[in-house]
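Let's take a walk through this one, starting with its charged pairs and working outward from there. Have the structure open as you read.

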Amino acid sequence: VLEYQGSITDAFDVQGSVRYDDNDEFEDFFTYALGASYRLPNQTTRLYASYGTGVQNPSFFEQFGFSNNFIGNPNLEPEQSEGWDVGVEQQFHGGRGIASVTYFNQDLTDNITTGTDPVTGLPTPVNAIGTSDRQGIEFSAFYEATNALSLGLNYTWLDSTEPVTLPSGTVDLIEVRRPEHELLVTASYLLPNQRTRLNADVQFVSGLFDFDFTTAGFISGNPDDNFDRVELDDYWLVKLG
């Protein structure tokens with residue numbers, strides 16, 4: 001890995017990296033990333049953007065793992081991704097608060113997903129045909145309300161699809177385990193003793209899909225995704241600490 005980080009001017013920062021992977025079982029890969037950040041003359045607004053590529057090799061369990069209802073696939077290819085983002089960040093209230101909004105876009109090829117082994121009929125990982133497309137908008141904010149109380153907010157809208165081959169042809173369906181909406185609100189309060197901090201996180205997830213492995217499609221090896229892919233209930237997760 002080679003990486004460079006530097007400042008062209010006091011307001012303009014850049015970074016870049018390149019990585020080479022020498023694999024015995026998979027193709028060798030070059031991946032790289034570029035990023036830039038520019039602070040406007042008002043000193044409170046920052047523009048930023050980045051572009052990069054990536055590779056994820058199959059895990060050991062995906063290649064060779066075995067259980068009563070899952071078998072590995074030693075013929076998997078690594079996943080490859082290409083993505084970019086652009087955004088703006090704004091400070092307010094004398095720097096006590098900061099908010100940002102980012103648009104991101106990513107394409108994933110050779111996506112490792114769940115298929116059916118033709119011999120046993122059991123679920124097995126396979127490389128999906130075509131490209132999985134992901135795009136979305138992320139909003140983030142942090143505010144130091146007082147010296148003791150800090151508040152945070154993160155929201156992500158995600159549009160994520162993957163190509164699925166059905167008996168009627170290949171169609172793009174919502175990608176599993178990637179929620180469309182995800183909201184996180186955080187609060188942290190430092191007690192007057194300066195030694196005890198109370199934390200609270202509230203997370204909301206909506207538009208989350210997953211496979212139903214009990215349907216007949218995965219057993220017969222001829223799945224109809226309208227039945228095998230189901231939307232899960234929305235949920236809240238509250239953490240106190």
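Counting salt bridges in this predicted model gives a total of six. Three of them gather around the loop between strand 13 and strand 14, and they are set out below, with the N to O distance for each.| Salt bridge | N to O distance |
|---|---|
| Arg134 and Glu175 | 2.7 Å |
| Arg178 and Glu175 | 3.6 Å |
| Asp210 and Arg177 | 3.1 Å |

Take the pair of Arg134 and Glu175 to begin with. Arg134 sits in strand 11 (residues 131-144) and Glu175 in the loop between strand 13 and strand 14, so this salt bridge ties together parts that are 41 residues apart in sequence. Are these two partners buried or exposed? Both Arg134 and Glu175 are buried. For Glu175 the relative accessible area is just 4%, and because the cut-off for buried is under 20%, Glu175 falls well inside that class.

Arg178, the other salt-bridge partner of Glu175 in the table, has a relative accessible area of 34% and is partly exposed.

Now for the pair of Asp210 and Arg177. Asp210 belongs to strand 16 (residues 209-211), while Arg177 is in the loop between strand 13 and strand 14, so here the salt bridge links parts that are 33 residues apart in sequence. Asp210 counts as buried, at 17% relative accessibility, whereas Arg177 is partly exposed at 48%. Which residues are joined into one network by salt bridges that share partners? They are Arg134, Glu175 and Arg178.

Arg177 is worth another look for its backbone. Its phi is positive, about 65°, although Arg177 is not a glycine. As a rule, most residues other than glycine have a negative phi. The loop that holds Arg177 runs between strand 13 (169-174) and strand 14 (181-190).

Gln194 does something similar: its phi is near 65°, a positive value in a residue other than glycine. Where does Gln194 lie? Gln194 is in the loop between strand 14 and strand 15 (197-206). With 57% relative accessibility, Gln194 counts as exposed.

Back to the surroundings of Glu175, this time by way of Asn111. Asn111 sits in the loop between strand 8 (97-109) and strand 9 (112-116), and it is buried, with a relative accessible area of 5%. Leaving out residues up to four places away in sequence, Asn111 touches Glu79, Val126, Asn127, Ala128, Ser132, Arg134, Glu162 and Glu175. So which of those contacts involve the salt-bridge pair described above? Arg134 and Glu175 are both among the residues that Asn111 touches, and these two form a salt bridge with each other. One of the other neighbours, Glu162, makes a polar contact of 3.2 Å with Asn111, side chain to side chain. As for Ser132, it is 21 residues from Asn111 in sequence, yet the two are 7.1 Å apart in space, C-alpha to C-alpha.

Thr45 is another buried residue, with a relative accessible area of 8%. You'll find Thr45 in strand 4 (residues 45-56). Which side chains does the side chain of Thr45 meet in polar contacts? One is Asn42, at 3.0 Å, and another is Gln90, at 2.5 Å. Setting aside residues up to four places away in sequence, Thr45 touches Tyr38, Arg39, Leu40, Val88, Glu89 and Gln90. Gln90 therefore appears both in this list of touching residues and as a polar partner of Thr45, because a polar contact is a pair of N or O atoms within 3.5 Å and contact means heavy atoms within 4.5 Å.

Over on the surface there's a nonpolar patch formed by Leu2, Val18, Tyr20, Phe30, Tyr32 and Leu34, with about 640 Å² of accessible area together. Strand 2 (12-21) and strand 3 (29-39) each supply at least two residues of the patch. Strand 3 gives the largest share, three residues. Tyr20, for its part, belongs to strand 2 and counts as partly exposed, at 42% relative accessibility.

Finally, a word on confidence. The protein chain averages a pLDDT of 90, and 93% of the residues score at least 70. Where does the pLDDT drop below 50? That happens over residues 218-226, a stretch that has 20 contacts in the model beyond near neighbours in sequence.

Note on methods: Residues numbered from 1 in each chain as written. Predicted model: local features only at pLDDT ≥ 70, side-chain atom pairs only at ≥ 80, totals over all residues. Heavy atoms only, no water. Helix = DSSP H or I, 4+ residues; strand = E, 2+ residues; numbered from the N terminus. Buried < 20%, exposed > 50% of the residue type's maximum accessible area, 1.4 Å probe, protein only. Polar contact = N/O pair within 3.5 Å; in protein donor to acceptor, adjacent residues only side chain to side chain. Patch = residues over 30% accessible without salt bridge, like charges linked within 9 Å, V, L, I, M, F, W, Y side chains within 5 Å. Areas by Shrake-Rupley, 256 points an atom, 1.4 Å probe, with all protein chains shown as cover. Salt bridge = Lys/Arg side-chain N within 4 Å of Asp/Glu carboxyl O. pLDDT = per-residue confidence, 0-100.
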